[in-house]
Amino acid sequence: LASGYRLIDTAAAYFNEREVGEGVAGSGVDRAELFVTTKLWISDYGYEPTLRAFGAGLGRLGLDYVDLYLLHWPMPLEWERTVAAYKAAEKLLADGRVRAIGVSNFSAAHLEDLIARTDVVPAVNQVELHPFFTQRALRDAHARLGIVTQS
């Protein structure tokens, strides 16, 4: 943060939310200058479990809100839990506890089904992307759906 970094990406599964929060609190950088992302882990998917997990993560971070809240992975074999988790994220967005919601590692088919069953198009799909793995078809789907590709 002292070097100018302003986007912080963490996740429940990284087991570092508490340390990230301590770093933010001790940095002297105004919270409004930071963009903090965290992610929901699959063990907490479902509507009520998502709300509980978010509250716990926010507590570990020591923040009043996060800028972006992502579902960490799709769960194709438990898709209803995935959709329910996203609907809980929509509630967090409506309540002002998050500024944007999205997903991570979702395919175009996952995105299309999720969008058909929910009210808010994911702002972001955070995926692996580099010169040796360009994911052109997925990036084209993002452009068509109005989703930002983040890598």
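Two strands pair if DSSP finds at least two bridges between them. Strand 3 (residues 68–71) and strand 4 (residues 101–104) clear that bar, with three bridges joining them, and they run parallel. Keep in mind that this is a predicted model. The pair belongs to an open sheet of six strands, in the order 1-2-3-4-5-6 and with parallel pairing. Below is a quick tour of that sheet, the helices around it and a couple of residues to click on.

**The sheet as a whole**
- At the edges sit strand 1 (7–9) and strand 6 (148–150), each of which pairs on one side only.
- On average, neighbouring strands in this sheet are turned by 25° against each other, if you ignore direction.
- Helix 3 packs on the sheet, where it touches strand 2 (35–40), strand 3 and strand 4.
- The direction of helix 3 makes about 150° with that of strand 4.

**Strand 4 and its neighbours**
- Strand 4 sends Ile 101 and Val 103 one way and Gly 102 and Ser 104 the other, and all of them are buried.
- On the strand 3 side, Leu 71 stands opposite Val 103, while Tyr 69 is found opposite Ile 101.
- To get from strand 3 to strand 4, the chain goes through helix 3 (residues 79–94), and this β-α-β crossover is right-handed.
- Strand 4 is also joined by two bridges to strand 5 (residues 124–126), again running parallel.
- Look to Gln 126 in strand 5 for the bridge partner of Ser 104.
- Here the chain crosses from strand 4 to strand 5 by way of helix 4 (residues 108–117), in a β-α-β crossover that is right-handed.

**Helix 1 against helix 2**
- Helix 1 (residues 17–27) packs with helix 2 (residues 47–61) at an angle of about 40°, and their axes are 6 Å apart.
- That angle is why helix 1 counts as oblique to helix 2.
- From helix 1, the contact takes in Glu 17, Arg 18, Val 20 and Gly 21, which meet Gly 57, Arg 60 and Leu 61 of helix 2.
- Sorted by class, this contact has two nonpolar, two polar and three charged residues.

**Helix 4 against helix 5**
- The axes of helix 4 and helix 5 (residues 136–145) come within 10 Å and cross at roughly 20°.
- The two helices, helix 4 and helix 5, are therefore roughly parallel to each other.
- Ala 108, Leu 111, Glu 112 and Ile 115 are what helix 4 brings to the contact, and they meet Leu 138, Ala 141, His 142, Arg 144 and Leu 145 of helix 5.
- Those residues divide into six nonpolar, one polar and two charged.

**Two residues to click on**
- Thr 50 lies in helix 2, and it counts as buried because its relative accessibility is 0%.
- Leaving out residues up to four places away in sequence, Thr 50 touches Leu 40, Asp 44, Tyr 45, Tyr 69, Ala 85, Ala 88 and Ala 89.
- One of those contacts, Tyr 69, is the residue that stands opposite Ile 101 in strand 4.
- Ala 32 is in the loop between helix 1 and strand 2, and at 61% relative accessibility it counts as exposed.
- Between the C-alpha atoms of Ala 32 and Asp 67 there is a separation of 9.8 Å, with the two residues 35 residues apart along the chain.

Notes:
Residues numbered from 1 in each chain as written. Predicted model: local features only at pLDDT ≥ 70, side-chain atom pairs only at ≥ 80, totals over all residues. Heavy atoms only, no water. Axes fitted to C-alpha atoms, helices over the stretch in contact; angles between N-to-C directions. Helix = DSSP H or I, 4+ residues; strand = E, 2+ residues; numbered from the N terminus. Parallel < 35°, antiparallel > 145°, perpendicular 65-115°, else oblique. Contact = heavy atoms within 4.5 Å. Nonpolar A, V, L, I, M, F, W, Y, C, P; charged D, E, K, R; others polar. Buried < 20%, exposed > 50% of the residue type's maximum accessible area, 1.4 Å probe, protein only. Right-handed = clockwise from strand over helix to strand, strands pointing away.
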